[in-house]
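Visitor: I'm new to this one. Could you walk me through it and tell me how each label is earned?

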Amino acid sequence: MALPLSMMSVPAMAQGPTPSPTRNSTAELSPPSTPTGEALAQAKKTNRRVEIESLRSESATFYANPDGKTVRMEMYARPIRVKNIDGTGFTPIDTTLVERDGAIKPKGCAWWSGSVRRSG
């Protein structure tokens, strides 16, 4: 009678304990190479949370916590900022109407390309 391959077993082989990683206490740690790593290092140094701007989106903000190890995300149900027209960053949403060049437009809505013109 032939056993299916899944029913066959291979004897376990004993191995010695895994050696502990050695750490040279005199070695310098390399500087953080990512925006998140830099923010974590700055937050730990200043003991204040630091925004990680490269992770910012229309409806979320990320912060490096003062412990230097964890990140906090604040997510909103609606957008709190809009991407700039040139694609380099964000502008807080401000729906206050302002007049520019004879047109009435929302103050902080970079995506708004339309306008309302006054007559007379």
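**A sheet and its charged neighbours**

Guide: Happily. Three strands make an open sheet in the order β1-β2-β3, with antiparallel pairing. The edge strands are β1 (50-51) and β3, as each pairs on one side only. Keep in mind that this is a predicted model.

Visitor: How do you know that β2 and β3 pair?

Guide: Two strands count as paired when there are at least two bridges between them. Strand β2 (residues 60-64) and strand β3 (residues 71-75) have 5 bridges, in the antiparallel sense, so they pass.

Visitor: Which residues face each other across β2 and β3?

Guide: A60 has M75 as its bridge partner, F62 stands opposite M73, and Y63 is matched with R72. In the hairpin of these two strands there are 6 residues between them, and G68 takes a positive phi near 75°.

Visitor: What makes β1 and β2 a pair?

Guide: They have 2 bridges, in the antiparallel sense. The rule asks for at least two, so β1 and β2 count as paired. Here E51 stands opposite Y63 in β2.

Visitor: Why is β2 called mostly covered?

Guide: Buried means under 20% relative accessible area, and 5 of the 5 residues of β2 are buried. A60, F62 and A64 point one way, T61 and Y63 point the other way, and all are buried.

Visitor: What is the burial figure for the protein chain?

Guide: Of its 120 residues, 18% count as buried. The accessible surface comes to about 10100 Å², and 55% of that belongs to carbon and sulfur atoms.

**Charges that meet**

Visitor: Why are E74 and R49 called a salt bridge?

Guide: The cut-off is a Lys or Arg side-chain nitrogen within 4 Å of a carboxyl oxygen of Asp or Glu. For E74 and R49 the N to O distance is 3.0 Å, so the pair qualifies. The two come from distant parts of the chain: E74 is in strand β3, while R49 is in the loop between α1 (35-46) and β1, 25 residues apart.

Visitor: Why would such side chains pair at all?

Guide: Side chains of opposite charge can pair when their charged atoms come close.

Visitor: Is E74 buried or exposed?

Guide: E74 is at 16% relative accessibility. The limit for buried is under 20%, so E74 counts as buried. Its partner R49 has a relative accessible area of 43%. Partly exposed runs between 20% and 50%, so R49 gets that label.

Visitor: What other salt bridge does E74 make?

Guide: R72 and E74 meet at 3.1 Å, N to O, so they too satisfy the 4 Å rule. R72 has a relative accessible area of 43%, which means it counts as partly exposed. Together, R49, R72 and E74 are linked in a network of salt bridges.

Visitor: What about E51 and R56?

Guide: Their side chains meet at 2.7 Å, N to O, so that is a salt bridge under the 4 Å cut-off. E51 is at 23% relative accessibility, and R56 is also at 23%. Buried would need a value under 20%, so E51 is partly exposed, and so is R56. By the rule used here, the count comes to 3 salt bridges.

Visitor: How do you know that R49 sits over the ring of Y63?

Guide: The charged end of R49 is 3.7 Å from the ring centre of Y63. The distance limit is 6 Å, and the charge must also lie within 35 degrees of the ring normal. R49 is reported as sitting over the ring.

Visitor: How many aromatic pairs are there?

Guide: The structure holds 0 aromatic pairs. Ring centres would have to lie within 6.5 Å to count.

**The chain overall**

Visitor: How many helices and strands does the protein chain have?

Guide: It comes to 1 helix and 8 strands. From the N terminus on, the elements run α-β-β-β-β-β-β-β-β.

Visitor: What share of the contacts comes from residues 24 or more positions apart?

Guide: They account for 17% of the contacts with a separation of 6 or more. A contact here means heavy atoms within 4.5 Å.

Key:
Residues are numbered from 1 along each chain as its sequence is written. This is a predicted model: local features need pLDDT of at least 70, side-chain atom pairs count only at pLDDT 80 or more; totals for chains, interfaces and linings use all residues. Side-chain values use heavy atoms; hydrogens and water are left out. Helices (H or I, at least four residues) and strands (E, at least two) are DSSP runs, numbered from the N terminus. Buried means under 20% relative accessible area, exposed over 50%, partly exposed in between (1.4 Å probe, protein chains only). Accessible areas come from the Shrake-Rupley method with a 1.4 Å probe; for residues, only the protein chains shown count as cover. Rings of Phe, Tyr and Trp (its six-membered ring) pair if their centres lie within 6.5 Å; planes under 30 degrees apart count as stacked, over 60 as edge-to-face and the rest as tilted.
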